[in-house]
Amino acid sequence: MTNSQTPLVDMRNIRISFGGVHAVDDVSVDLYPGEVVGLLGHNGAGKSTLIKILSGAYQMDSGEIYVDGKQAVIRNPRDARAHNIETIYQTLALADNLDAASNLFLGRELTTPLGMVDDDAMEAETRKIMARLNPNFKKFKDPVSALSGGQRQSVAIARAVYFNARILIMDEPTAALGPHETQMVSELIQQLKAEGIGIFLISHDIHDVMELCDRASVMKNGKLVGTVDVKDVTDDDLLSMIILGKRPGEDTPAV
Amino acid sequence: MSDSTTTPTSTDTRQPAKSAVSRFLQATELDTRLIGMIGALALIWIGFHLYGQLVNGFGAFLTPRNLWNLSVQTASVGIMACGMVLVIITRHIDLSVGSLLGFCAVTMGVTQVWILPGLLGIGHPLIWIIAVIVGLITGTLVGALHGWLVAYRNIPAFIVTLGGLLVWRGAAFLIARGETISPVDETFKLLGGGPFGAIGATGSWIVGLIGCAAAIAMVFFGRRQRLRFGFALRPVWADVFIAGLSCSAIIGAVLLVNSYPWPKGIVKRYAAENNIIIPEGGLFISHGFAIPVLILVAVAIIMTIVMSRTRFGRYVYAIGGNPEAAALAGINTKLMTVKIFALMGFLAGLSAAVASARLGSATNALGTLDELYVIAAAVIGGTSLAGGVGTIYGAVLGALVMQSLQTGMVLIGFDAAIQQIVVGSVLVLAVYLDNLYRRAAK
């Protein structure tokens with residue numbers, strides 16, 4: 001990755017603590033257009049917390065976030081969306097009792113000139129984007145509780161893609177999926193990357209990261225172990241970063 | 001409430017082998033739950049009527065007089081049930097609505113009986129308007145306070161409103177000093193119904209025709225909207241059937257309320273006051289729709305639009321389905337909670353106006369135990385206590401079912417103890433049937 005351009009996102013010295021526990025402690029990560037950065041670490045390493053700060057779900061105690069080189073104030077999910085930051089959560093964050101279109105447009109409903117929610121227009125848009133992402137998707141009228149894991153995933157992804165995400169956060173996007181659906185998500189990531197979207201990919205799966213990511217940032221106990229170019233390291237290097245908190249070529253742990 | 005669960009035809013719309021009934025249901029897109037509830041209501045009505053006819057020799061239930069009164073008695077609980085649906089959908093509960101109704105009634109009573117006549121003079125035309133506004137504001141503010149405590153102070157709604165149940169009943173007693181506040185303003189009284197609080201035959205026809213026009217327009221615009229986006233259309237016969245069914249129901253209601261005449265005594269007094277000579281065989285003056293019923297219908301229609309056609313309604317369902325997802329989608333769930341409780345309070349205030357107008361006075365005991373009937377109406381109407389599910393029409397029908405049971409048992413001479421046993425059992429049975437229905441529908 002050539003780092004001469006301005007990063008899409010630059011999170012500097014982020015800190016947040018919950019009741020005395022430093023969930024994220026002085027972590028800096030950045031992301032360039034058309035790049036996939038993997039965030040790795042054990043459960044509780046602070047990856048999801050870090051990313052929830054970027055998506056507006058949590059507010060950091062200190063630190064700075066720059067989007068396109070300009071300082072951004074992200075206090076809630078609405079602020080994040082205003083910066084074209086979209087998030088696909090591990091839990092998918094769908095309202096099970098609503099249909100696909102209502103979920104896709106949740107918080108950003110299309111309205112008629114009278115200010116009424118325009119369900120038909122939203123369904124029509126949903127059909128269009130689904131035809132692109134998952135042509136097999138047919139259950140437009142059912143609540144999403146009636147959908148399979150992969151179909152729910154495609155609703156969550158469609159939500160991010162539809163609103164022209166420039167910065168996409170994917171929290172364990174393939175955790176609940178079968179092999180075919182995982183393949184679909186991988187292809188989608190490549191496609192989005194080609195469109196110049198920057199992606200933070202949170203994952204447990206080293207193979208996912210090796211295959212999909214350009215760089216990987218590893219966290220342990222709330223601290224950043226280091227950020228490496230994926231092409232320069234092996235699976236084992238990444239594993240030792242995750243488990244031992246040791247950078248490649250180092251004898252003693254950095255953290 | 002759906003005895004449709006007992007008929008296999010209504011639940012198998014998705015099975016490949018389709019009976020004529022399920023094809024019909026699919027084409028018309030009629031809600032099987034709605035059909036079930038109307039069926040249950042019809043059973044209750046016919047059952048009470050037949051029981052009266054066979055046992056007491058007189059079927060009193062299916063008479064214009066009883067049905068008209070039933071509609072008026074349903075109004076107060078029905079109005080509040082429309083708000084309770086939102087509260088329950090978002091996984092909260094409001095136990096304070098009965099007490100809040102009493103509190104609002106007393107503030108309105110004090111305003112129009114003790115305060116305003118001294119300032120404006122008795123019978124001033126503004127009195128009832130100011131009184132109602134005071135009541136509505138009181139209800140809204142109290143509701144907003146409850147919502148704020150729930151959302152921003154993280155006190156469970158059960159506790160906040162349980163406290164409210166005691167607080168507002170006590171406050172009503174203090175303000176009323178334990179007295180019955182009467183007589184209320186004459187115009188205010190019309191909100192409660194009665195011969196003068198109804199709109200008469202001509203007015204009812206006008207309302208009915210507007211209703212029919214609206215029903216036809218909705219079917220027409222729905223069809224045009226589907227055409228615009230190229231979605232599958234309902235067959236023309238299904239659209240015509242739905243429009244026809246709605247219009248017949250509305251016209252039937254108009255004919256019903258118009259066939260209930262004013263009592264002879266009131267006709268005589270009215271004739272004397274207006275110098276009308278009563279012809280041979282008496283003068284037939286129709287009640288027409290009662291004003292409280294029109295208020296309920298208006299509330300139900302507005303709330304249905306709010307729930308299905310506005311962002312507010314969409315967010316209510318989203319919060320009920322998954323509060324975390326709603327918050328992550330940028331919905332201010334705390335503020336929504338305040339708004340929902342404020343709306344509940346507003347409707348309790350409106351209900352208070354109807355209830356105290358009907359009584360012709362305001363007492364601090366008004367609305368006692370209403371919270372239970374309101375919650376029961378919403379739940380019988382298919383609102384799920386687990387959140388995310390519920391409809392306004394269901395709650396109104398639920399209120400009608402509850403009131404029908406009570407009225408029916410009074411008419412056939414069951415005493416209060418048996419009434420309580422029956423109403424309580426029906427509540428539990430309704431929720432059980434609803435569970436069965438949901439499982440079958442999956």
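This is a walk through a predicted model with your viewer open, one selection at a time.

**Stop 1: chain B as a whole**

Start by showing chain B alone and colouring it by secondary structure. You will find 17 helices and 0 strands. The radius of gyration of chain B is 23 Å, close to the 22 Å that the globule rule gives for 442 residues, so chain B is as compact as a globular protein of that length. Turn the C-alpha trace along its principal axes and the spans are about 70 × 65 × 50 Å. If you colour by burial, 45% of the 442 residues count as buried. Among contacts in chain B with a separation of 6 or more, 78% come from residues 24 or more positions apart.

**Stop 2: a pair of helices in chain B**

Next, select residues 32-56 of chain B, which is helix α2, together with residues 392-411, which is helix α16. How far apart are the axes of these two packed helices? The axes lie 10 Å apart, and the angle between α2(B) and α16(B) is about 10 degrees. Since angles under 35 degrees count as roughly parallel, that makes α2(B) roughly parallel to α16(B).

Now show side chains where the two helices meet. On the α2(B) side, look for Leu34(B), Met37(B), Ala40(B), Leu41(B), Ile44(B), Trp45(B), Phe48(B) and Gly52(B). Facing them from α16(B) are Tyr393(B), Gly394(B), Leu397(B), Leu400(B), Val401(B), Ser404(B), Leu405(B), Gly408(B) and Leu411(B). Colour this contact by residue class and you get 13 nonpolar, 4 polar and no charged residues.

**Stop 3: Glu371 of chain B**

Select Glu371(B), which sits in helix α15, residues 370-380 of chain B. Is Glu371(B) buried or exposed? Glu371(B) is buried, because 26 other C-beta atoms lie within 10 Å, and 20 or more are enough for a residue to count as buried. Leaving out residues up to four places away in sequence, Glu371(B) touches Leu95(B), Ser96(B), Val97(B), Gly98(B) and Leu165(B). For a distance check, try Tyr317(B): it is 54 residues from Glu371(B) along the chain, and their C-alpha atoms are separated by 22 Å.

**Stop 4: Gly192 of chain B**

Move on to Gly192(B), in the loop between α7 (186-189) and α8 of chain B. This glycine is buried too, with 22 other C-beta atoms within 10 Å. Which residues does Gly192(B) touch, not counting those up to four places away in sequence? They are Gly197(B), Pro292(B), Val354(B), Ala357(B) and Arg358(B). A distance drawn from the C-alpha atom of Gly192(B) to that of Leu67(B) reads 16 Å, for a pair 125 residues apart along the chain.

**Stop 5: where the chains touch**

Bring chain A back into view. The contact takes 22 residues from chain B and 20 residues from chain A. On the chain B side, select α8 (200-228), α12 (311-321) and α13 (323-328), each of which supplies at least two residues. Which helix gives the most to this side of chain B? That is α12(B), with 6 residues. By class, the chain B side divides into 10 nonpolar, 7 polar and 5 charged residues.

**Stop 6: an open sheet in chain A**

Hide chain B and look for 4 strands of chain A in an open sheet, in the order β2-β1-β4-β5, with antiparallel pairing. The edge strands are β2 (21-31) and β5 (70-71), each pairing on one side only. Zoom in on β4(A), residues 62-67, which pairs with β5(A) over 2 bridges. There, Val67(A) has Lys70(A) as its bridge partner. Then add helix α1, residues 47-54 of chain A: it lies across β1 (9-18), β2 and β4, and runs at about 115 degrees to β1(A).

**Stop 7: a covered strand in chain A**

Finish at β7(A), residues 167-171, where 5 of 5 residues are buried. Ile167(A), Ile169(A) and Asp171(A) are on one side, with Leu168(A) and Met170(A) on the other, and both faces are covered. Strand β6(A), residues 85-88, runs parallel to β7(A) and is joined to it by 4 bridges; Ile85(A) stands opposite Ile167(A). Strand β8(A), residues 198-202, is also parallel to β7(A), with 5 bridges. Here Ile169(A) has Phe200(A) as its bridge partner.

Key. Residues are numbered from 1 along each chain as its sequence is written. Chains are lettered from A and ligands numbered from 1 in the order in which they are written. This is a predicted model: local features need pLDDT of at least 70, side-chain atom pairs count only at pLDDT 80 or more; totals for chains, interfaces and linings use all residues. Two strands pair if DSSP finds at least two bridges between them. Two residues are in contact if their C-beta atoms, placed from the backbone, lie within 7 Å. Axes are lines fitted to C-alpha atoms, for helices over the stretch in contact, and angles run from 0 to 180 degrees between N-to-C directions. Angles under 35 degrees count as roughly parallel, over 145 as roughly antiparallel, 65 to 115 as roughly perpendicular and the rest as oblique. Ala, Val, Leu, Ile, Met, Phe, Trp, Tyr, Cys and Pro count as nonpolar, Asp, Glu, Lys and Arg as charged, and the others, Gly among them, as polar. A residue is buried if 20 or more other C-beta atoms lie within 10 Å of its own, exposed if 12 or fewer, and partly exposed in between; C-beta atoms are placed from the backbone. The radius of gyration is taken over C-alpha atoms; the globule rule is 2.2 Å times the number of residues to the power 0.38.
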